[in-house]
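I opened this notebook page to look up two things, a helix contact and an enclosed space, and I wanted to write down what each is made of.

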Amino acid sequence: MTAAVVCRGLEKTYVKGREQVPVLTGINLEIEQGDFLALMGPSGSGKTTLLNLIGGLDHPTGGEIEVEGQSLGGMSNKALARWRSENVGFIFQFYNLLPVLNAQRNVELPLLLTKLSRKQRQANAETALEIVGLADRARHKPGELSGGQQQRVAIARALVADPRLMVCDEPTGDLDRDTADEILELLQMLNADHGKTIIMVTHDPRAADHAKRTLHMDKGKLVTAGALA
Amino acid sequence: MFSQVREITLMNIRNLPSRVGSSSVIVVGIAGVVAVLVGLLSMAVGFDAALKGAGKPDRAIIMREGTSSEMNGNMTPEQRAIIKAMPEVELGSGETYVVAAIKKAGTDIDANVVVRGVEQTAFDIRDEVQIVSGRGFEPGKAEIIVGVAAAGQFEGLSVGSFLPVRDRDWQVVGHFTAGGTALEGEIWGDLDTVNSTFRRGGISSTMRIRVAGEAEARSLDRKLQDDPRFDLMVKPETEFYASQSEQRTALINGFGLSVGIIMAIGAIFAALNTMYSAVSTRTVEIATLRALGFGNVPVVVSVMTEALFLALLGGSLGAGLVWLVFDGYSASTLNQASFSQVAFDFAVTSELLTMGLSWAIGLGIIGGLFPAIRAARLPITTALRGE
């Protein structure tokens, strides 16, 4: 199986005033296609920063990062934006749905960046909503949906453009236990049945139990051995 | 790209009802700027039109050399007779230009009104002068006719009433229009009767003539300059009224623009503040779109479009209000050359409305640009945290 993500000596340092704050120091990691990986660690350990680098939301300050066969290190912001739209689905803790758009239109958003016709976009969005079990809520706006339903819409939005990689930042952090389990089972189904590679940042060990494997981070380093020697 | 821009822009516009309070700051601010600017400049345009409209190329005024006011001349009946006989002159009317203090309607304040003594030929020379009620005055009688603007703005000038001027009671026998020009703010009477009332003998202050065109007026001017019997000059009416209007319209325009610019600076800050707050309340939304792969250009364009939409709404509101309230509104101002009131209508022209909307667009662009750039430049990872 080919690797979905390869990090070699990955570093990220933020500059605050005159101070340099290292957040990631020498991350070596390989994640295979079809993996479901949970990243755990205390606050400030660098797990969200690592997730952002893998998702192409930020540039590393050192080392190499290759995602879906593409080296992200030297890409411009514009190229990175295009790459994200084609290769990554994002799921956020607070869903980040646009409140004025209904579920269907929220799910359609990533498809506006493609050349699909309006009709095709609508059809794909309907399919994505069906996959997450919310076809009957397509016309509802986020404010009219429960937290769990909103996260399902966000998951539909993440998978509508059919990316191979889905990155999830605390996807159940704002949900009660039962709803969280439903969302995690949905992610498991996408991983098992649709072959999505899923990387999930979480504080919750029960959430991590739904993943195939778990890596722990502390002070900007992986403390559990990754797949890369 | 277009669908990205359209979708984000529509989303922003749909979002407006949830931000009525802050959005209305832009709308009201820019409406105020445009209303004041267009309102003040419409005054200048109206004043200019009232004076310039009174001038025709086939008419000229003969007045004392070097003066700019109709008040200052002294033309004897003999001089007038010689000029009337000159080949360039088709018709001539000696005119005496004096002022009378009359109470302004609804106030206790007296203001000066032009009383113009004219010969009967004046009505042939100025064919725009039409009696609209009553009749014309009869030569030799203490009768006057009153322009409709003066009749509306001063007390005791209805047809049939008597107006005490100097030691005589003048009867108002008619009202006249003059094509909306400044003449409508005047009172007209018979030249000889006005002269005797104001104890001027036969001396008129100016003479109004009809000529074939401006070239004949200039030719006559040269002739009179060369003739030692006269200390007179001939000015085509168009030139005369343009110079009368120039100083005042420049003053109003200058004042209007100054106030407009000061208000515009305030409106820019209001627009900036509103758009910064609009962008900051949607930091996470904008960052989410950028995370999904939307580019910076659609984000900038959508924020700018929203600012322009609000600015145009404000501009239309301001311009529309001024048009409804002020267009055709009658006012009067002091003509410094004669110390008399010049009546004029505010003229909210399509040019002024276009200019007002252009200002609104300009303010919208300035108010939207910086917040738009900020929205597009904020690092996505920072913006996703709502910072």
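Before counting lining residues by element, I note that helices and strands here are DSSP runs numbered from the N terminus, a strand (E) having at least two residues. I also keep in mind that this is a predicted model.

Entry on the cavities. I looked for enclosed spaces and found that the structure holds six cavities of 30 Å³ or more, and I chose the second largest, in which about 70 Å³ of space lies. Its lining takes R84(A), S85(A), V88(A), G89(A), F90(A), P110(A), R157(A), A158(A), A161(A) and P163(A) from chain A, together with L292(B) from chain B. Two or more residues of this lining are given by each of α2 (77–87), β6 (88–91) and α5 (147–159) of chain A, and β6(A) supplies the largest share, three residues. Sorted by class, the lining of the second largest cavity comes to seven nonpolar, two polar and two charged residues.

Entry on the helix pair. I then turned to chain B, where the axes of α1 (residues 2–15) and α10 (residues 296–326) come within 9 Å and cross at roughly 45 degrees, which makes α1(B) oblique to α10(B). The crossing of the two helices is right-handed. On the α1(B) side I listed Q4(B), V5(B), I8(B), T9(B), N12(B) and I13(B) as making the contact, and on the α10(B) side P298(B), V301(B), S302(B), V303(B), T305(B), E306(B) and F309(B). Of the residues in this contact between α1(B) and α10(B), seven are nonpolar, five polar and one charged.

Terms used:
Residues numbered from 1 in each chain as written. Chains lettered and ligands numbered in written order. Predicted model: local features only at pLDDT ≥ 70, side-chain atom pairs only at ≥ 80, totals over all residues. Heavy atoms only, no water. Axes fitted to C-alpha atoms, helices over the stretch in contact; angles between N-to-C directions. Helix = DSSP H or I, 4+ residues; strand = E, 2+ residues; numbered from the N terminus. Parallel < 35°, antiparallel > 145°, perpendicular 65-115°, else oblique. Left-handed = near helix turned anticlockwise from the far one by under 90°. Contact = heavy atoms within 4.5 Å. Nonpolar A, V, L, I, M, F, W, Y, C, P; charged D, E, K, R; others polar. 1 Å grid on protein atoms, 1.4 Å probe; cavity = no way out; pocket = protein on both sides within 12 Å on 5 of 7 lines; lining within 4 Å. Points joined across faces, edges and corners; volume = space filled by probe spheres on them.
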